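Colleague: I would like to go through this model with you. Please explain the terms as we go.

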Amino acid sequence: MKGTRVILYMAVSANGYIADCDGETPWTTAEWNKFKEKVNEIGNVLVGRKTYELMKKDGTLADMPYKKLFVLTSNKDKFMDNEVLFVSSISDAIKILTKENPTQLLIAGGAAANTAALKTGLVDEIILDIEPILFGNGLSLFELSDYVKRLELINLARYGDSGVQLHYEVLK
Ligand SMILES: NC(=O)c1ccc[n+]([C@@H]2O[C@H](COP(=O)([O-])OP(=O)(O)OC[C@H]3O[C@@H](n4cnc5c(N)ncnc54)[C@H](OP(=O)(O)O)[C@@H]3O)[C@@H](O)[C@H]2O)c1
């Protein structure tokens, strides 16, 4: 039986950054709405501890229609938040979900969490919202590492005025 399907979803600048050099993410409202649609559809979301803290602080976490939120951290006993499940690996989140029901998990950044997810070999799909903006410098979609992953395009769609969504299957 196939267990939890893992989908990595990120907004990126047209030159591949997930945040600018100050850590800012000036994405369009159309992109945020697309992302929220997916969160609403899938329900289960995992973010890295830094993204969780940023989203909590700027209020975007409260605007995200998730059912279950996993936060990836190497210090899970340090945090207290009854609304959230702190996990020390992507596999732990998948184990919790697969125990309940075969379902889906959305990985939603940042770069460290994305890299941890990709390296497990458990990511099945990648959705990239290519935003109409360039950052001279910033945070890459994945941290530097030594993998090669081949992808197959499942879908290509426009959103908003100038956004493009690429949807890939990760070939295994
Ligand atoms: N473009 C987008 O759609 C998007 C989405 C999300 C975030 N972002 C941006 O991304 C930036 C944050 O990304 P980031 O890479 O700095 O941080 P991050 O991935 O959000 O969080 C990093 C933290 O996650 C935990 N972690 C990562 N890998 C782990 C592993 N293998 N095992 C256990 N814990 C692990 C660690 O937490 P501990 O230190 O607690 O151990 C680590 O410090 C922000 O600027 C944010 O705005 C952009």
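The talk below covers the overall build, the core and the ligand shell.

Modeller: Keep in mind that this is a predicted model.

Colleague: What makes up the protein chain in helices and strands?

Modeller: The protein chain has four helices and ten strands. Along the sequence they follow the pattern β-β-α-β-α-β-β-α-β-α-β-β-β-β.

Colleague: Why is the protein chain called as compact as a globular protein of that length?

Modeller: Its radius of gyration is 15 Å. The globule rule gives 16 Å for 172 residues. The two values are close, so the chain counts as that compact.

Colleague: How do you know that L46 touches F70?

Modeller: A contact needs C-beta atoms within 7 Å. L46 touches F70 by that test, and also L72, I90, A93, L105, I107, A108 and A113, not counting residues up to four places away in sequence.

Colleague: Which residues touch the most other members of the largest nonpolar core?

Modeller: They are V45, L46, L105, L106, I107 and A117, in a core of 40 residues. The largest share of this core, six residues, comes from β1. In soluble globular proteins, nonpolar side chains tend to be buried together.

Colleague: What makes a residue part of the shell around the ligand?

Modeller: Its C-beta atom must lie within 6 Å of the ligand. There are 26 residues around the ligand, and G48, T51, S74, G109 and G110 come nearest. The shell divides into 13 nonpolar, eleven polar and two charged residues.

Colleague: What kind of peptide bond joins G109 and G110?

Modeller: A cis bond, with omega about -5°. Most peptide bonds are trans. G110 is found in the loop between β6 and α4.

Technical notes. Residues are numbered from 1 along each chain as its sequence is written. This is a predicted model: local features need pLDDT of at least 70, side-chain atom pairs count only at pLDDT 80 or more; totals for chains, interfaces and linings use all residues. Ala, Val, Leu, Ile, Met, Phe, Trp, Tyr, Cys and Pro count as nonpolar, Asp, Glu, Lys and Arg as charged, and the others, Gly among them, as polar. Helices (H or I, at least four residues) and strands (E, at least two) are DSSP runs, numbered from the N terminus. A nonpolar core is a set of buried Ala, Val, Leu, Ile, Met, Phe, Trp, Tyr and Cys residues joined through C-beta atoms within 7 Å. A residue is buried if 20 or more other C-beta atoms lie within 10 Å of its own, exposed if 12 or fewer, and partly exposed in between; C-beta atoms are placed from the backbone. Two residues are in contact if their C-beta atoms, placed from the backbone, lie within 7 Å. The radius of gyration is taken over C-alpha atoms; the globule rule is 2.2 Å times the number of residues to the power 0.38.
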